[in-house]
Amino acid sequence: ETPIPLPKRLMRSLAVLLASCLFALCTGLCPPAPTALHFGASQPWSHRTHLGARKPVVASPPSLARRGNRPTMMTGKSSVLPPVEPVPEHLKDKKVLAVGIAAVDFIATVESFPNPDDKIRSTSLNVMGGGNAANTLTALRRLGMPCTLMTKLGADGNGNLIKSELEAEGVDTSLCVSQAGLDSPFTYIIVDQQTATRTCIHTPIQEELDPQADVPSDVLDGVSLVHMDSRSTLAAIEVARMANEAGVGVSLDIE
């Protein structure tokens, strides 16, 4: 058989593709054209998509926008918060300062972890707030304790949204440094259903807190406890030194 020249092959492929599209349109099988998903203001902070939904188109670094009625910072499950027992009255004026990370997590669940060079589909996607220090303060604030976060973020969409969600939870972000030219931290997380394991691929911010420029002399005013998560090490050491001198307790989340 004489080989078909490339132009004819290409034309035949295009004709088949066009016919398939027309058939799909006529039978109602063609889904709506995908649009870039920028996680708009009508959606909750915690987002879940499933196969069959429109796939998110994510730039690099990915961008998260605020979603929904009530932010669910760091929980990722529901916009309805479960009831919690408040802390005792004598702890409600004990302010906690955390020095550490606040980030955005992109959590993809898969049936099994891919092999090198595989192309697979996720069964669900969750987009939520993350970061050890931010998680801890969110929980403490929901229990009724005043909290302040000291961290460094990029002056970008993710950084603005991290701050706005924490503020919506009642966490003080006045010590969060937003710097132009930096990308706020984010993490890709692959959850393997088969082995019940998760793999984290973290992209840290390019610069951490500066112990001289970013730690004010009055940082411990009204603070009863300093909590750290091993990020921004030099700034954390400086705050811990100040806390020791002031007789303020220090706790460390060792990951």
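Trainee: Among contacts between residues at least 6 apart in sequence, how many join residues at least 24 apart in this chain?
Mentor: In this protein chain, 72% of the contacts between residues at least 6 apart in sequence join residues at least 24 apart, and please keep in mind that we are looking at a predicted model.

Trainee: OK, and how many helices and strands does the chain have?
Mentor: The protein chain has 4 helices and 10 strands, and if you follow the sequence from its start they come in the pattern α-β-β-β-β-α-β-α-β-β-β-β-α-β.

Trainee: Which strands make up the open sheet, and in what order?
Mentor: The open sheet is formed by 5 strands in the order β6-β5-β2-β9-β10, with parallel pairing. Its edge strands are β6 (172–179) and β10 (249–252), each of which pairs on one side only, and from one strand to the next the twist averages 20°.

Trainee: Which helix packs on that sheet?
Mentor: That is helix α4, residues 233–246, which touches β2, β5, β9 (223–228) and β10, and whose direction makes about 150° with that of β9.

Trainee: Back to the strands for a second: over how many bridges do β2 and β5 pair?
Mentor: Strand β2 (residues 95–99) and strand β5 (residues 147–154) pair in the parallel sense over 4 bridges, and V99 stands opposite M150 in β5.

Trainee: New topic, L220. Where does it lie, and is it buried or exposed?
Mentor: L220 lies in the loop between β8 and β9, and it counts as buried because its relative accessibility is 13%, where the cut-off for buried is under 20%. Across the protein chain, buried residues make up 36% of the 255 residues.

Trainee: What is L220 in contact with?
Mentor: If we leave aside its neighbours within four places in sequence, L220 is in contact with L97, V226, V239, M242, A243 and A246. You can also look at V96, which is 124 residues from L220 along the chain, while the C-alpha atoms of the two are separated by 9.5 Å.

Trainee: Last thing, pockets. What volume does the second largest pocket have, and which residues lie nearest its centre?
Mentor: The second largest pocket has a volume of about 360 Å³, and among the 16 residues that line it, D105, T187, I189, C200 and E255 lie nearest its centre.

Trainee: Which elements give two or more residues to that lining?
Mentor: Those are β3 (103–110), α2 (132–142), β7 (186–192) and β8 (197–203).

Trainee: And how do the lining residues divide by type?
Mentor: The lining of the second largest pocket divides into 6 nonpolar, 6 polar and 4 charged residues.

Conventions:
Residues are numbered from 1 along each chain as its sequence is written. This is a predicted model: local features need pLDDT of at least 70, side-chain atom pairs count only at pLDDT 80 or more; totals for chains, interfaces and linings use all residues. Side-chain values use heavy atoms; hydrogens and water are left out. On a 1 Å grid over the protein atoms alone, a cavity is a set of points where a 1.4 Å probe fits but cannot get out, and a pocket is an open set with protein on both sides within 12 Å along at least five of seven lines; lining residues have an atom within 4 Å of a point. Grid points are joined across faces, edges and corners, and a volume is the space filled by probe spheres set on the points. Ala, Val, Leu, Ile, Met, Phe, Trp, Tyr, Cys and Pro count as nonpolar, Asp, Glu, Lys and Arg as charged, and the others, Gly among them, as polar. Two strands pair if DSSP finds at least two bridges between them. Axes are lines fitted to C-alpha atoms, for helices over the stretch in contact, and angles run from 0 to 180 degrees between N-to-C directions. Contact means heavy atoms within 4.5 Å. Buried means under 20% relative accessible area, exposed over 50%, partly exposed in between (1.4 Å probe, protein chains only).
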